Amino acid sequence: MVSTPLNELHPRLQAWLQQAFQGRLTEAQEKTLPAILAGRSVLLSSPTGSGKTLAGFLGVLDHLLRLHDAGELGRDRIHAVYVSPLRALTYDIHKNLTRPLQEMGLAEIIRIGSRTGDTTASDRAKLRRSPPHILLTTPESLAILLPQPPWRAALAACRFVI
C-alpha cells in the first residue's frame, strides 16, 4: 500500500474523508498535512476553494480524536484557536466543523465555541466555565481574553493556532 498523508490520519477521520470526499485530499492538504501531523508550523497560501481551512483542521481533529481515544481529552482546555479578522467567517467555520463532527458522531465530545464582539454575556460566561476544545475568535476578542486568568489557564495547553 502506498503511504499518503490520508493514511496517517485517525481511522474515524479517514472514514469521514472517504465518505465526504471519496478519500481524496486536495493538493494543499497533501502538501501540508505531513508537516501539520508532525507538529511543525505551516504557512499555507492557496486560492479560495483549495481546501486550506480543512488542511489545518485535519491535524486538529486528528489530535483531538487521538486524545479522546486515550481518555485524555480534557474538559477545561482549549487545544486549537482559529483567529479570523471577520466575525462572519468564524460562523462559517463553526458550521463547517460541526458537520464532520456530527457525521463522525463526535458533536457531543469535541466542543467548538465562538467568541467574537457580539457574543452575549451569558454565552461568554458559558465559554469561560467550560472552554471549548476549538475556539473560533477574532483578533480583538482574543486580545480581550488573553489577560484574563481563566482564559490564560484554558489556553495554556493550546497546540494549534490557525
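Me: How do the residues lining the second largest pocket divide into nonpolar, polar and charged?

Reply: In this predicted model, the lining of the second largest pocket is made up of nine nonpolar, two polar and two charged residues. Of the 13 residues that line this pocket, those closest to its centre are Thr-53, Leu-54, Ile-93, Asn-96 and Leu-97.

Me: What is the general idea behind finding such a space, and what is the volume of the second largest pocket?

Reply: Empty space shows up when a probe the size of a water molecule is rolled over the atoms. Here the second largest pocket has a volume of about 290 Å³.

Me: Which helices each supply at least two residues of that lining, and which element gives the most?

Reply: Helix 2, helix 4 and helix 5 each supply at least two residues, and helix 5 gives the most to the lining of the second largest pocket, with seven residues.

Me: Helix 2 is among those elements, so to speak of its own setting, which of its residues are buried, and where do they lie around its axis?

Reply: Buried is used for a residue with under 20% relative accessible area, and exposed for one with over 50%. In helix 2, which spans residues 11–21, the buried residues are Leu-13, Trp-16 and Leu-17. When one looks down the axis of helix 2, these residues fall within an arc of 100°, and they therefore line one face of the helix. The face turned away from that buried side carries the exposed residues Pro-11 and Gln-19.

Me: What covers the buried residues of helix 2, and which residue follows the helix?

Reply: The cover over the buried residues of helix 2 includes helix 1 (5–8), helix 4 (52–69) and helix 5 (87–103). Helix 2 is followed by Gln-22, whose phi is positive, near 55°.

Me: Turning to the largest pocket, what is its volume, and which residues are closest to its centre?

Reply: The largest pocket has a volume of about 510 Å³. It is lined by 21 residues, of which Ile-36, Val-42, Gly-56, Val-161 and Ile-162 are the closest to its centre. The elements that give two or more residues to this lining are helix 3 (27–37), helix 4, strand 1 and strand 4, and helix 4 gives the most, with four residues. By class, the lining of the largest pocket has twelve nonpolar, six polar and three charged residues.

Me: Strand 1 and strand 4 appear in that lining; how should I read the order of the strands in the sheet?

Reply: The sheet is open and has four strands in the order 2-3-1-4, with parallel pairing. Its edge strands are strand 2 (112–115) and strand 4 (160–161), each of which pairs on one side only.

Me: How many bridges join each pair, strand 2 with strand 3, strand 1 with strand 3, and strand 1 with strand 4?

Reply: Strand 2 and strand 3 run parallel and are joined by four bridges, with Gly-113 standing opposite Leu-135 in strand 3. Strand 1 (residues 80–83) and strand 3 (residues 134–137) also pair in the parallel sense over four bridges, and the bridge partner of Tyr-82 in strand 3 is Leu-136. Strand 1 and strand 4 pair in the parallel sense over two bridges, with Phe-160 of strand 4 as the bridge partner of Ala-80.

Me: Strand 2 is an edge strand; which of its residues are buried on each side?

Reply: Both faces of strand 2 are covered, with Ile-112 and Ser-114 buried on one side and Gly-113 and Arg-115 buried on the other.

Technical notes:
Residues are numbered from 1 along each chain as its sequence is written. This is a predicted model: local features need pLDDT of at least 70, side-chain atom pairs count only at pLDDT 80 or more; totals for chains, interfaces and linings use all residues. Side-chain values use heavy atoms; hydrogens and water are left out. Buried means under 20% relative accessible area, exposed over 50%, partly exposed in between (1.4 Å probe, protein chains only). The arc is that of the directions from the helix axis to the C-beta atoms. Contact means heavy atoms within 4.5 Å. Two strands pair if DSSP finds at least two bridges between them. On a 1 Å grid over the protein atoms alone, a cavity is a set of points where a 1.4 Å probe fits but cannot get out, and a pocket is an open set with protein on both sides within 12 Å along at least five of seven lines; lining residues have an atom within 4 Å of a point. Grid points are joined across faces, edges and corners, and a volume is the space filled by probe spheres set on the points. Ala, Val, Leu, Ile, Met, Phe, Trp, Tyr, Cys and Pro count as nonpolar, Asp, Glu, Lys and Arg as charged, and the others, Gly among them, as polar.
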